[in-house]
Every structure is written in C-alpha cells, then in structure tokens.
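Here's a friendly walk through one protein model. Have a look at the picture first, and then we'll go through it piece by piece.

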Amino acid sequence: MSESVAVGSFRFWFATRRWEWSAEVYRMHGYRPGEVEPSTELILAHKHPDDRRGVAEAIDRSVDLGEPFSSRHRFLDTAGVEHDVMVVADRIRDENGAAVGTSGFYIDLGGVLGDDERAALDAELPRPFAARAVVEQAKGILMRMYGISAEQACKVLVWRSQATNLSLRDLSERLIAELPLVPPPSPATIAAFDHILMTVH
C-alpha cells in the first residue's frame, strides 16, 4: 500500500528568525531529524533556483509584516531530488494578540494519489451528486487559491480530512462556509475574469 501524502510541520519565530522542523520536514530535505539546525540560509539554499527569490521575499514579508509564511515552491533535497511543496501556515500570537511567529505545514504535492488517499476519495465520491459536488467545489477553491492541479487539490483535501477526522464532504462544506472570511478579489482581477467570461466560446 502506498504511503499517505507527505506532510511535516514547522514553526518560525520572527524576533530571532529561528526555525523549528518536525521529523518529517527534516526527512523531506534529506536529513535525519536533528542532523542540522534549520535556518533561513539553509532553507533558501535548498530552494529551486527559479523559486528562491520568491521564497526569500515571502520570509521577509512574514518578519516585516507579521504575516504567515505561506508559499508554493520547489526545493531540492540532499540527493538532488526535486520536491513540489505547498506551505500553509497561520500566525503565532502572544498573550496580547501580537504576531510573534508563524506555524504550519509543508505538504509534498509530488507524485500521484497513494492507495490510502484514493481509498478515502472512493469512499466519499460514490455518494449522491450533491455530496460529490461540494467536494469538487472545495477542490476548485484550492486549485485557484494555490495554483495547484486537481490531483494535488485532492491530496490536500485528503490530508486535512485525515488530520481533522472529518469526512471529505463535511470538511468541504465547512471550508466553503468559511470562504466569505477571505478578502474579495481586486477590481483588476474581477475585470480580467469578466473579459474571459464574455469572450470565451
């Protein structure tokens, strides 16, 4: 049986720029847990050359603006194998509500759905059309928000379903219900989509 989607956790403290990796993130990068001290320099050294600048800018934004470190990028492990990852995170706040760091997850999007992931999808998708439709809506949201494929969106949904012990349908419904909390697209984005909608044929 194939392994589940590879996911590891991290924390990053703004004041000291100190990183903490879970054992899974060490292994993704090709290290034994605790073998090296994660640092911004080490992290950037592993990034794909075409993605390194964007990741560096995302880290700087986190420190300067107190934003979560979220990114979609590629990195090379110690063996030179390329990993396509999505990093999702939230702020760490102190007792006064100030953002002092960011914590979240590395999700390895590479490869195809494993047996466990496919089984989880198969257990949900044969349900009535309404149930399948809400999962497809959630997939579409993830694809647009993170610029990932349908298969990769499935991997993310399965991961969160397993992590939260929610069915794919329940998770998708809750995700969609929270969507109004996301800031609306800019007028320029809407105008660009208007053009596509009115000219596609």
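Let's start with L197, which you'll find in helix α8, covering residues 187-199. Keep in mind that this is a predicted model. Is L197 buried or exposed? Its relative accessibility is 52%, so L197 counts as exposed, the cut-off for that being over 50%. L197 also has nonpolar company out there: together with F193, I196, M198 and V200, L197 makes up a nonpolar patch on the surface. Added together, those residues have about 570 Å² of accessible area.

Now hop over to helix α7, residues 168-178. Which residues of α7 are buried? They are L168, L171 and S172. These three sit on the same side of α7, because the arc they cover around the axis is only 95°. There's a handy rule behind this kind of pattern: an α-helix has 3.6 residues a turn, so residues three or four places apart point the same way. Turn to the other side of α7 and you'll meet R174 and A177, which are exposed.

Next up, the rings. How many aromatic pairs does the structure hold? The count is 9. Here are two of them:

| Pair | Centre to centre | Angle between planes | Arrangement |
|---|---|---|---|
| F12 and W19 | 4.0 Å | 20° | stacked |
| F75 and Y106 | 6.5 Å | 75° | edge-to-face |

The F75 and Y106 pair ties together distant parts of the chain, with its two members 31 residues apart. F75 belongs to strand β3 (residues 71-76), while Y106 belongs to strand β5 (residues 99-108). F75 has a relative accessible area of 0%, so F75 is buried. Y106 is buried too, because its relative accessibility is 0%. As for the other pair in the table, F12 and W19 are both buried.

Zoom out a little and you'll see that ring pairs join these residues into a cluster, made of F10, F12, F14, W19, F69, F75 and Y106.

Rings can also have a charge for a neighbour. Take W159: the charged end of R160 sits over its ring, 5.0 Å from the ring centre.

One last stop: the loop between β4 (82-93) and β5, where A98 is found. A98 has a relative accessible area of 36%, so A98 is partly exposed. Where does G66 come in? Along the chain, A98 and G66 are 32 residues apart, yet their C-alpha atoms are separated by 8.4 Å.

Definitions and conventions. Residues are numbered from 1 along each chain as its sequence is written. This is a predicted model: local features need pLDDT of at least 70, side-chain atom pairs count only at pLDDT 80 or more; totals for chains, interfaces and linings use all residues. Side-chain values use heavy atoms; hydrogens and water are left out. Patches are made of residues with over 30% relative accessible area and no salt bridge: like charges are joined within 9 Å, nonpolar side chains (Val, Leu, Ile, Met, Phe, Trp, Tyr) within 5 Å. Accessible areas come from the Shrake-Rupley method with a 1.4 Å probe; for residues, only the protein chains shown count as cover. A salt bridge is a side-chain nitrogen of Lys or Arg within 4 Å of a carboxyl oxygen of Asp or Glu. Helices (H or I, at least four residues) and strands (E, at least two) are DSSP runs, numbered from the N terminus. Buried means under 20% relative accessible area, exposed over 50%, partly exposed in between (1.4 Å probe, protein chains only). The arc is that of the directions from the helix axis to the C-beta atoms. Rings of Phe, Tyr and Trp (its six-membered ring) pair if their centres lie within 6.5 Å; planes under 30 degrees apart count as stacked, over 60 as edge-to-face and the rest as tilted. A charge sits over a ring if NZ of Lys or CZ of Arg is within 6 Å of the ring centre and within 35 degrees of the ring normal.
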